[in-house]
Amino acid sequence: HYMDFDEELLPTTKVALERGIELNNEMLGQFNDSVDLIIFPNKADRINLFGLGHFINNNGIPNYDAVSIFPADREDIFPDMAPADLLYKNVIHDYTQYVIAQRLDELWLSASYVPTWFLIGIAEYMSNVGKETPHLDAEAVRLSSLNSKIAGMGDDEENAKYNGYVQSHLTIKYLVDEFGPGIINEILIETKEEHSFNKAFATKTGIELSGVPDIY
């Protein structure tokens with residue numbers, strides 16, 4: 001669903017969505033239900049239609065069978081990307097957020113148990129597969145501190161959010177490279193069993209959230 005003036009975005013959107021489906025099937029499992037993709041001019045229009053909860057949860061409300069994107073508003077995080085590349089990334093990122101919400105729903109696992117950086121990192125990893133790995137412009141922080149970076153909080157406010165996204169992505173990339181793509185599902189399942197993401201992450205990876213391996 002789109003406005004007439006956004007029709008030129010459809011070819012890139014279609015390619016990105018097909019790639020996003022393929023990647024998510026490989027990592028998170030087959031998801032066959034139909035889903036609507038809506039291209040909004042901006043995040044305000046999305047909030048007006050779905051409410052603030054749908055926006056805050058990054059498409060993470062399973063009873064909404066819709067993925068919402070608003071490529072113009074992503075420029076504040078990745079300002080140097082060409083419009084077509086930003087759109088491609090945006091579609092895969094937000095489709096992945098939607099699929100993660102479905103996976104958590106299948107596991108009867110509340111998203112409140114899983115840190116934002118992990119969910120963002122999965123989506124960022126998916127949207128960067130096959131592309132040059134981004135560079136972290138700031139010193140890596142503890143994994144337990146990444147949520148504040150993603151929220152744009154910190155001493156380096158101008159770059160905090162960008163670096164939060166990048167470090168989240170690099171962490172997921174490290175996990176997939178080291179343990180294979182199945183590690184993501186394993187951590188989610190263990191989180192359900194332990195009722196603790198921190199314990200599940202340490203159990204499955206041997207990495208404590210209070211430390212960051214030398215991977216950046």
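This is a short tour of a predicted model, stop by stop, with what to select and what you'll find there.

**The whole chain**

Start with a cartoon view of everything. You should be able to pick out nine helices and two strands. Trace them along the sequence and the order reads α-β-α-α-β-α-α-α-α-α-α. Now colour by accessibility: of the 216 residues, 45% count as buried. If you like contact maps, consider the contacts with a separation of 6 or more: residues 24 or more positions apart account for 71% of them.

**The start of the chain**

Next, select aspartate 6, which sits in the segment before H1. Is aspartate 6 buried or exposed? It is buried, because its relative accessible area is 12% and the cut-off for buried is under 20%. Add phenylalanine 40 to the selection and draw a distance between the two C-alpha atoms: you'll get 9.0 Å, for residues that are 34 apart along the chain.

Move along to leucine 10, in helix H1, which covers residues 10-28. Leucine 10 has a relative accessible area of 27%, so it counts as partly exposed. Try the C-alpha distance again, this time from leucine 10 to isoleucine 39: the gap is 9.3 Å, with their positions 29 residues apart in the chain.

**The nonpolar core**

Time to go inside. In soluble globular proteins, nonpolar side chains tend to be buried together. Here the largest nonpolar core has 48 residues. Which of them touch the most other members? Show Trp117, Phe118, Ile184 and Phe201 as sticks, as those are the ones. Then highlight helix H4, residues 83-106, which gives the most to this core, with 10 residues.

Stay with isoleucine 184 for a moment. Leaving out neighbours within four places in sequence, select what isoleucine 184 contacts: Met27, Leu28, Phe118, Ile122 and Ile172. Phe118 is worth keeping on screen, since it is also on the list of residues touching the most other core members.

**Along helix H7**

Now select helix H7, residues 157-179, and zoom in on threonine 171, which lies in this helix. Threonine 171 is buried because its relative accessible area is 3%. What does threonine 171 contact, once neighbours within four places in sequence are set aside? Bring up Trp117, Leu143, Ile215 and Tyr216. Trp117 should look familiar from the core stop.

Slide along H7 to asparagine 163, also in this helix. Asparagine 163 is buried too, so expect little of its surface to show: its relative accessibility is 4%. Follow the side chain of asparagine 163 and you'll reach the backbone nitrogen of aspartate 137, at 2.9 Å.

**The cavity**

Keep asparagine 163 selected, as it is part of the last stop. Rolling a probe the size of a water molecule over the atoms shows where empty space is left. How many cavities of 30 Å³ or more does a search of the whole structure find? There is one, and it holds about 30 Å³ of space.

To see the lining, select Leu136, Ala138, Glu139, Val141, Lys149, Asn163, Gly164 and Gln167. Colour the lining by class and you'll have three nonpolar, three polar and two charged residues. Which element supplies the largest share of the lining? That's helix H7 again, with three residues.

How values were computed
Residues are numbered from 1 along each chain as its sequence is written. This is a predicted model: local features need pLDDT of at least 70, side-chain atom pairs count only at pLDDT 80 or more; totals for chains, interfaces and linings use all residues. Side-chain values use heavy atoms; hydrogens and water are left out. On a 1 Å grid over the protein atoms alone, a cavity is a set of points where a 1.4 Å probe fits but cannot get out, and a pocket is an open set with protein on both sides within 12 Å along at least five of seven lines; lining residues have an atom within 4 Å of a point. Grid points are joined across faces, edges and corners, and a volume is the space filled by probe spheres set on the points. Helices (H or I, at least four residues) and strands (E, at least two) are DSSP runs, numbered from the N terminus. Ala, Val, Leu, Ile, Met, Phe, Trp, Tyr, Cys and Pro count as nonpolar, Asp, Glu, Lys and Arg as charged, and the others, Gly among them, as polar. A nonpolar core is a set of buried Ala, Val, Leu, Ile, Met, Phe, Trp, Tyr and Cys residues joined through side-chain atoms within 4.5 Å. Buried means under 20% relative accessible area, exposed over 50%, partly exposed in between (1.4 Å probe, protein chains only). Contact means heavy atoms within 4.5 Å. A polar contact is a pair of N or O atoms within 3.5 Å; within protein, one must be able to donate a hydrogen and the other to accept it, and residues adjacent in sequence count only if both atoms are side-chain atoms.
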